[in-house]
Amino acid sequence: MNPSSCQLPISFSVDKLQNDLLVCEKNLWTPHFNTNRYEGNWTSVSLRSQSGLENDILSFPNKEYKNTPLLDDCSYFKEIMDWFQCEKEAVRLLRLGPQSEIKKHVDNDTSYEDGFFRIHIPIITNPEVYFYVDHKLVPMKMGECWYANFQLPHSVENKSKEPRIHLTLDCIRNEWSDLLFSKIGFDLNYVSKYEYSEEVKRQIIAELSRNPSETNTKIIAELQLQMNS
């Protein structure tokens, strides 16, 4: 089984990350759309989105994405994006406010085995931020680069008096990323056999129901069939 999270063998300059963050602080950060998922303050600004607008923070798979004008003013964020030699979907800054919490949830089809990988690069964080993936604490530090399987249950608590801000990149698996992940021990042929609990299945159905589409309808029907069998 591949790990639920792992640190990639690359790190980035904290000073340069925070300098680009200062540019983005001038923008209006948009509250996260899934208001049932969190308590406190959880906001975002986009560097790459479906519409090309900074306040478009939706992240859906298999859509076309384009850079926002804000990225033109953030040379180091652009340099980081270019380091990942693969197709990128949403690229965002995510800010979790002081004394705020992202409740335990799952994001469907967001594992490397699904052909997708979400990268987190902490820009501002501290030891009082607790990031759990599959019930395991993930000790992300500023400038580090982490992958996590967000198809597994995950949650974040910021118990500090400061915001936690991450750069996140949604990437599409390819030969370049296969080489990267194989070097850190991933089994590229592994097929996930993770079985969701009934509670998690209900969470997934609730999340997908908020974003109706043909694909989501099929997934909901399959999950409901599993729950009723």
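Which residue in strand 12 is the bridge partner of V129? Keep that one in mind; Exercise 3 works it out. The model you are looking at is predicted.

**Exercise 1. Get an overall impression of the protein.**

Task: Describe the secondary structure, the extent and the burial of the protein.

Solution.
- Step 1: Begin with the elements. The protein holds 13 strands and 5 helices.
- Step 2: Look at the extent. The C-alpha trace spans about 55 × 40 × 35 Å along the principal axes.
- Step 3: Compare with a globule. For 229 residues, a compact globule would have a radius of gyration near 17 Å, and the value for the protein is 17 Å, so the two agree.
- Step 4: Turn to burial. Of the 229 residues, 50% are buried.
- Step 5: Consider the surface. The accessible surface is about 11,500 Å², and carbon and sulfur atoms contribute 50% of it.
- Step 6: Check how the chain meets itself. Among contacts with a separation of 6 or more, 75% are between residues 24 or more positions apart.
- Step 7: Finish with the charges. There are 25 positive and 33 negative charges, and their mean positions lie 2 Å apart.

**Exercise 2. Explore strand 4 and its partners.**

Task: Find out why strand 4 counts as largely enclosed, and identify strands that pair with strand 4.

Solution.
- Step 1: Locate residues 42–49, which form strand 4. Because 8 of its 8 residues are buried, the strand is largely enclosed by the rest of the structure.
- Step 2: Find strand 2, residues 30–31. Strand 2 pairs with strand 4 in the antiparallel sense, over 2 bridges. Here T30 stands opposite S44 of strand 4.
- Step 3: Move to strand 6, residues 88–96. Strand 6 and strand 4 run antiparallel and are joined by 6 bridges. In this pairing S44 stands opposite L94.
- Step 4: Add strand 5, residues 66–67. Strand 5 is also antiparallel to strand 4, with 2 bridges between them. K66 in strand 5 is the bridge partner of S49.
- Step 5: Put two of these together. S44 faces T30 in one pairing and L94 in another.

**Exercise 3. Trace the open sheet.**

Task: Give the strand order of the open sheet of 5 strands, and then return to the opening question about V129.

Solution.
- Step 1: Read the order. The open sheet runs 3-7-12-9-10, with antiparallel pairing.
- Step 2: Look at the edges. Strand 3 (38–39) and strand 10 (136–137) each have a single partner strand, so each is left with one side that has no neighbour in the sheet.
- Step 3: Look at a pair inside this order. Strand 9 (residues 129–133) and strand 12 (residues 154–158) are antiparallel and share 5 bridges.
- Step 4: Answer the opening question. The bridge partner of V129 in strand 12 is N158.

**Exercise 4. Compare F33 and L223.**

Task: For F33 and for L223, decide whether the residue is buried or partly exposed, and list its contacts away from its sequence neighbours.

Solution.
- Step 1: Find F33 in the loop between strand 2 and strand 3. Its relative accessible area is 31%, so F33 is partly exposed.
- Step 2: Leave out neighbours within four places in sequence. F33 is then in contact with I57 and L58.
- Step 3: Take a distance. F33 and T43 are 10 residues apart along the chain, and their C-alpha atoms are separated by 8.9 Å.
- Step 4: Find L223 in helix 5, residues 214–228. With a relative accessible area of 7%, L223 is buried.
- Step 5: Leave out residues up to four places away in sequence. L223 then touches K201, I204 and I205.
- Step 6: Take a second distance. L223 and W83 are 140 residues apart along the chain, with 37 Å between their C-alpha atoms.

**Exercise 5. Examine two positive phi angles.**

Task: Say where Q99 and D134 lie, and whether each is buried or exposed.

Solution.
- Step 1: Recall the background. Most residues other than glycine have a negative phi.
- Step 2: Take Q99. Its phi is near 55°, a positive value, and Q99 is not a glycine. Q99 sits in the loop between strand 6 and strand 7 (100–105).
- Step 3: Apply the cut-off. Exposed means over 50% relative accessible area, and Q99, at 55%, counts as exposed.
- Step 4: Take D134. This residue also has a positive phi, about 55°, without being a glycine. D134 lies in the loop between strand 9 and strand 10.
- Step 5: Apply the other cut-off. Buried means under 20%, and D134, at 15% relative accessibility, counts as buried.

Definitions and conventions. Residues numbered from 1 in each chain as written. Predicted model: local features only at pLDDT ≥ 70, side-chain atom pairs only at ≥ 80, totals over all residues. Heavy atoms only, no water. Helix = DSSP H or I, 4+ residues; strand = E, 2+ residues; numbered from the N terminus. Rg over C-alpha atoms; globule rule 2.2 N^0.38 Å. Buried < 20%, exposed > 50% of the residue type's maximum accessible area, 1.4 Å probe, protein only. Contact = heavy atoms within 4.5 Å. Areas by Shrake-Rupley, 256 points an atom, 1.4 Å probe, with all protein chains shown as cover. Lys, Arg positive; Asp, Glu negative; His and termini not counted. Charge placed at Lys NZ, Arg CZ, Asp CG, Glu CD. Pairing = 2+ DSSP bridges.
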